[in-house]
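Look at the model below. Then follow one buried position outward into the helices around it.

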Amino acid sequence: MTLISNLINGISLGSVYAIIALGYTMVYGIAKMLNFAHGDVIMVGAYVSFCMTTYLKLPPIVSVLGAMVVCTLLGILIEGLAYKPLRKAGSLAVLITAIGVSYFLQNVALLIWGSAPKTFRSVVSFGSISLFGGKLIITPESIITVAACLIIMVALTAFTKKSRMGKAMRAVSEDKDAAELMGINVNFTISLTFAIGSALAAIAGVLLCSAYPVLIPTTGSMPGIKAFTAAVFGGTWKLLNDVFLLAGSKKSFPYGSKGGTKEVTLTAAQMPMHAHQFSRTPIVSVELTAGGNYYAEQSTAVGKLVAQN
């Protein structure tokens, strides 16, 4: 059952990466720009949802919609201010600008919310599913994440292939000048692409923090890089490839099977910041007294970090 549980966790985490990768795919496929600030838009979406549920006491679904709206506007703003003037510039200038926007968003979040980790309350309200007499437990976050990924995949595929705006995006992706001669508003099309990608980032941020409830200003950095890797391997204009390349599956499996173990007790605040110190010693999992497996890179629960010697 441990193998099946790890597989389910991997597919769930991979689905989050796939949703993030879809944003990378759309932006690069159409605008030919590497938006490395995409991971930090994930963080902004998670913080917006956190504030709406914690401080404003709004329902989870409203917080998700609010995060999507804020991230959509943020994506349009980033594209208009940072990337639009660089349409004709070289790739190095775009890359440097993207990194600058990424650091800017992280530091703004640091000023507003501080460096202390926030405990994100899950937006999923129904209970876990217990199978085989409790030996296999499927969390509601895993179910919602995989379902959301599949729905987004089908919707985006239908949108790009069937709708008028989707066909315009594909035309801009092929040849911006020819598309403009055919009457397509290239600027609006690219802005819409950034808006859709940023809305997907908001969804991914909420799902990621619901499953791994640690929220800090750098929350989106590493998932963004991993999702970018998935987008590269899957193809930067092949939506289906990005989804089926579930990059998180391997991460959720224990490393190795030989040697002893050592246990280090970490607090909830220490877990996300100190787990990287064991990067040379493969991380297996965090075993909790309450039961269940949580992975050290993301877990907020107080537990034992078990690592191979």
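Beyond its neighbours up to four places away in sequence, Ala 109 touches Met 43, Tyr 47, Gly 114 and Pro 217. Ala 109 sits in helix H4. Its relative accessible area is 1%, so Ala 109 is buried. Asp 40 lies 69 residues away along the chain, yet the C-alpha atoms of Ala 109 and Asp 40 are separated by 9.4 Å. Keep in mind that this is a predicted model.

Gln 106 also lies in helix H4. Is Gln 106 buried or exposed? Its relative accessibility is 13%, and buried means under 20%, so Gln 106 counts as buried. Leaving aside neighbours within four places in sequence, Gln 106 is in contact with Asp 40, Met 43, Pro 217, Thr 218 and Ser 221.

Both residues belong to the packing of H2 against H4. From H2 come Asp 40, Val 41, Met 43, Tyr 47 and Cys 51. From H4 come Ser 102, Leu 105, Gln 106, Ala 109 and Trp 113. How do two packed helices get described? By the angle between their axes and the distance between the axes. For H2 and H4, the axes come within 9 Å and cross at roughly 25°. Angles under 35 degrees count as roughly parallel, so H2 and H4 are roughly parallel to each other. The crossing of H2 past H4 is left-handed.

Now turn to a second helix pair. H3 and H8 pack with their axes 7 Å apart, at an angle of about 140°. Roughly antiparallel would need an angle over 145 degrees. H3 and H8 are therefore oblique to each other. Their crossing is right-handed. On the H3 side, the contact is made by Val 64, Ala 67, Met 68, Cys 71, Thr 72, Gly 75, Ile 76, Glu 79 and Tyr 83. On the H8 side, the contact is made by Ile 190, Ser 191, Phe 194, Ala 195, Ser 198, Ala 199, Ala 202, Ile 203 and Val 206.

Helix H8 also holds Thr 193. Thr 193 has 1% relative accessibility, so it counts as buried. Which residues does Thr 193 touch, not counting those up to four places away in sequence? They are Met 26, Val 27, Ile 30 and Met 169.

Tyr 83, from the H3 side of that contact, leads into the nonpolar core. The largest nonpolar core has 70 residues, and Ile 78, Tyr 83 and Phe 120 touch the most other members. Helices H1 (2-31), H2 (38-54), H3 (60-83), H4 (91-113), H5 (140-162), H6 (164-174), H8 (186-211) and H9 (221-234) each give two or more residues to this core. In soluble globular proteins, nonpolar side chains tend to be buried together. Setting aside residues up to four places away in sequence, Tyr 83 touches Met 33, Asn 35, Phe 36, Ala 37, Ile 78, Val 94, Thr 97, Ala 98 and Phe 194.

Leu 34 touches two of those partners of Tyr 83, Val 94 and Ala 98. Tyr 28 and Phe 228 are also in contact with Leu 34, again not counting residues up to four places away in sequence. Leu 34 is found in the loop between H1 and H2. Its relative accessibility is 30%, so Leu 34 counts as partly exposed. Leu 34 and Tyr 24 are 10 residues apart in sequence, and their C-alpha atoms are 7.3 Å apart.

The next loop to visit joins H2 and H3, and Lys 57 lies there. Lys 57 has 65% relative accessibility, so it counts as exposed. Its phi is near 60°, a positive value in a residue other than glycine.

What about the cysteines? Cys 51, in the H2 contact with H4, has 17% relative accessibility, so it counts as buried. Cys 149 has a relative accessible area of 2% and is therefore buried. A disulfide is a covalent bond between the sulfur atoms of two cysteines. The structure holds 0 disulfides.

Finally, step back to the whole chain. The protein has 11 helices and 8 strands. Of its 309 residues, 49% count as buried. Among contacts between residues at least 6 apart in sequence, 72% join residues at least 24 apart.

Notes: Residues are numbered from 1 along each chain as its sequence is written. This is a predicted model: local features need pLDDT of at least 70, side-chain atom pairs count only at pLDDT 80 or more; totals for chains, interfaces and linings use all residues. Side-chain values use heavy atoms; hydrogens and water are left out. A nonpolar core is a set of buried Ala, Val, Leu, Ile, Met, Phe, Trp, Tyr and Cys residues joined through side-chain atoms within 4.5 Å. Buried means under 20% relative accessible area, exposed over 50%, partly exposed in between (1.4 Å probe, protein chains only). Helices (H or I, at least four residues) and strands (E, at least two) are DSSP runs, numbered from the N terminus. Contact means heavy atoms within 4.5 Å. A disulfide is a pair of cysteine sulfur atoms within 2.5 Å. Axes are lines fitted to C-alpha atoms, for helices over the stretch in contact, and angles run from 0 to 180 degrees between N-to-C directions. Angles under 35 degrees count as roughly parallel, over 145 as roughly antiparallel, 65 to 115 as roughly perpendicular and the rest as oblique. A crossing is left-handed if the near helix is turned anticlockwise from the far one by less than a right angle, and right-handed if clockwise.
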